[in-house]
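Work through the following exercises with the sequence and the model side by side. Each task is followed by a solution in steps.

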Amino acid sequence: RYRFFPGNPRWPDSQTELRYRFLTDIQVPGTQNLRSSVARAFQKWAQVSQFTFEEVDEDEDSEIVIGFHGMQGRSSDDPGFDGPQGTLAHAFAPTRGIFHLDADEDWSGDNSPGPSEIDLESVAVHEIGHLLGLGHSQVPEAIMFPTFEAGTTKRNLDSDDIEGIRNLY
Ligand code: TQI
Ligand code: CA
Ligand code: ZN
């Protein structure tokens, strides 16, 4: 079954409109459709919760910041990613609003990933679950189950994910 983070951190009830922006300093091959893949991922959660999500320009205020990172961290408290494979992405619990993608992965922004490619939309749906306050689930069908295979897609919320978000908010 679904889990929350320790202490059940969540976005305040007053904040149902969450804005997000993309950092564009690192460009990654295969991710031309980054914006639409991430927008579709946000829509899955918007459909089953109180939240609405809106992309804003890079120089505007937003609750959520999305960006690629390489092995070099952006700051001293940021160790950076681990190169190809291993960790693909990470996102923090509410209300930090940080969603990083590993720039060194073989990302697929297409409808169907090649055999070794990582489906960006699938990973985004999972990481947005973390951004909203869900930890990992033990239900294998759940988006929040901590296993994902290259070359596959898993883009739709399971009833376990939906129960999780509806119980937190
Ligand atoms: N990144 C891990 C993840 O998102 C990072 C992580 C580990 C984490 N433990 C956490 C984030 C606890 C928040 C809370 O789970 S990952 C999956 C999986 C990853 C993993 O790159 O390993 C997906 C990214 F495990 F679910 F398949 C996307 Cl879908
Ligand atoms: Ca990696
Ligand atoms: Zn996870």
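**Exercise 1.** Identify which residues are linked by ring pairs into a cluster, and characterise two of the pairs.

*Solution.* The cluster that the ring pairs build consists of Tyr20, Phe22, Phe42, Phe51, Phe53 and Tyr169. Rings of Phe, Tyr and Trp (its six-membered ring) are paired here if their centres lie within 6.5 Å, planes under 30 degrees apart being stacked, those over 60 edge-to-face and the rest tilted. The model is predicted, so that local features need pLDDT of at least 70 and side-chain atom pairs pLDDT 80 or more, while totals for chains, interfaces and linings use all residues. Side-chain values rest on heavy atoms, without hydrogens and water, residues are numbered from 1 along each chain as its sequence is written, and chains are lettered from A and ligands numbered from 1 in the order of writing.

Step one: a search of the whole structure gives six aromatic pairs. Of these, Tyr20 and Phe42 are stacked, with 4.3 Å centre to centre and 25 degrees between the planes. This pair joins distant parts of the chain, since Tyr20 belongs to strand S1 (residues 17–22) and Phe42 to helix H1 (residues 34–46), 22 residues apart; helices (H or I, at least four residues) and strands (E, at least two) are DSSP runs, numbered from the N terminus.

Step two: Phe51 and Tyr169 are edge-to-face, at 4.8 Å centre to centre and 85 degrees between the planes. Because Phe51 lies in the loop between H1 and strand S2 (52–55) and Tyr169 in the segment after helix H3 (159–168), the pair ties together parts 118 residues apart in sequence.

**Exercise 2.** Determine which residues of H3 are buried, and how they are arranged about its axis.

*Solution.* Buried means under 20% relative accessible area, exposed over 50% and partly exposed in between (1.4 Å probe, protein chains only). In H3 the buried residues are Asp160, Asp161, Gly164, Ile165 and Leu168. Seen down the helix axis, they fall within an arc of 130 degrees (taken from the directions from the axis to the C-beta atoms), so they line one face of H3. On the other side, Arg166 and Asn167 are exposed.

**Exercise 3.** Which protein atoms are the donors of the zinc ion (ligand 3)?

*Solution.* Donors are N, O and S atoms within 2.8 Å of the metal (3.2 Å for Na, K and Ca), and sites may look incomplete because water is not among the atoms. His126 (NE2), His130 (NE2) and His136 (NE2) lie 2.0 Å from the zinc ion, with the sequence spacing H-x3-H-x5-H. His130 is buried at 8% relative accessible area, whereas His136 is partly exposed at 35%.
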